[in-house]
Amino acid sequence: MVKNLRSRGIKDERVLKAMSVVPRHLFVEEALAYKAYGDHPLPIAGGQTISQPYIVARMTELLEVTKADKVLEIGTGSGYQTAILAHVAGMIFSIERIEELARLAKARIRQLSLDNVIIRCSDGSVGWPEYAPYQGILAAAAAPQVPQPLIDQLAVGGRLVMPVGTEKNQILVRVCKTEKSTKIEEHGSVIFVKMIGKQAYES
Ligand code: SAH
């Protein structure tokens, strides 16, 4: 899997190391475990999907966080991306709206002894103001535009990476926040589930 990520252009060695140590098969149902190391998304509970390894690596690389940084993640899903973030950043605050997914992800994170992760079940489109500001914010679900609370909770000098668009037409964007402005970059077409919440899609 890591060889494929390198050939597709992932360069950050810390990200590649994290991808090589986190056992992806633990994040999917047992019947799909044999497919866990292929470069494709897979179904998880609640009609959601675990993201494709390349996208997980790419988004983590774009976040450019270090062990000194706090990260907010929206859309815990299986917890796989959360586990990768736990290896490259300092503290991870992750929000999932579906109770069952949050519960399963918590159990996996505990099983892997990743003690720098807190997962909660709520609407992540409004962020998690208690621990803000975050040097990195990563969302794995698409909103019609970047929710303002997330920009507000991003630290100056920080980066936010998420898909923006409709169910069928999404662009991966990176928001870089400076003292004076927020710069938005586009990083190609992607396909994610919709973010459902107060500052995203209604349903
Ligand atoms: N990175 C995850 C993929 C998660 S799929 C993985 O590797 O497994 C996207 C997730 O976002 C879904 O589980 C969905 O329930 C969740 N989601 C959608 N809208 C949300 C919201 N407003 N707040 C929190 N989670 C949300």
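Ala, Val, Leu, Ile, Met, Phe, Trp, Tyr, Cys and Pro count here as nonpolar, Asp, Glu, Lys and Arg as charged, and the others, Gly among them, as polar. The model is predicted.

**Exercise 1. Sort the lining of the largest pocket by residue class.**

Step 1. Start with the space: the largest pocket holds about 630 Å³.
Step 2. Its lining has 36 residues, and T49, A140, A141, F192 and V193 are the closest to the centre.
Step 3. Apply the classes. The lining divides into 17 nonpolar, 14 polar and five charged residues.
Step 4. Trace the elements. At least two lining residues come from each of β2 (49-50), β3, α4 (80-88), β4 and β9.

**Exercise 2. Lay out the sheet and find its edges.**

Step 1. Write the strand order: β5-β4-β3-β6-β7-β8-β9. These seven strands form an open sheet with mixed pairing.
Step 2. Look at the ends. β5 (117-121) and β9 (182-190) each have a single partner strand, so one side of each has no neighbour in the sheet.
Step 3. Add the twist, which averages 15° from one strand to the next.

**Exercise 3. Determine how β3 and β6 pair, then place the helices α3 and α5.**

Step 1. β3 (residues 70-74) and β6 (residues 134-139) run in the parallel sense, over four bridges.
Step 2. Pick one bridge: I74 has A139 of β6 as its partner.
Step 3. Place α3 (residues 53-63). This helix packs on the sheet and touches β3, β6, β7 (154-165), β8 (170-177) and β9. The direction of α3 makes about 150° with that of β7.
Step 4. Place α5 (residues 99-111). α5 packs on the sheet against β4 (91-96) and β5, and its direction makes about 165° with that of β5.

Definitions and conventions:
Residues are numbered from 1 along each chain as its sequence is written. This is a predicted model: local features need pLDDT of at least 70, side-chain atom pairs count only at pLDDT 80 or more; totals for chains, interfaces and linings use all residues. Side-chain values use heavy atoms; hydrogens and water are left out. Two strands pair if DSSP finds at least two bridges between them. Axes are lines fitted to C-alpha atoms, for helices over the stretch in contact, and angles run from 0 to 180 degrees between N-to-C directions. Contact means heavy atoms within 4.5 Å. On a 1 Å grid over the protein atoms alone, a cavity is a set of points where a 1.4 Å probe fits but cannot get out, and a pocket is an open set with protein on both sides within 12 Å along at least five of seven lines; lining residues have an atom within 4 Å of a point. Grid points are joined across faces, edges and corners, and a volume is the space filled by probe spheres set on the points.
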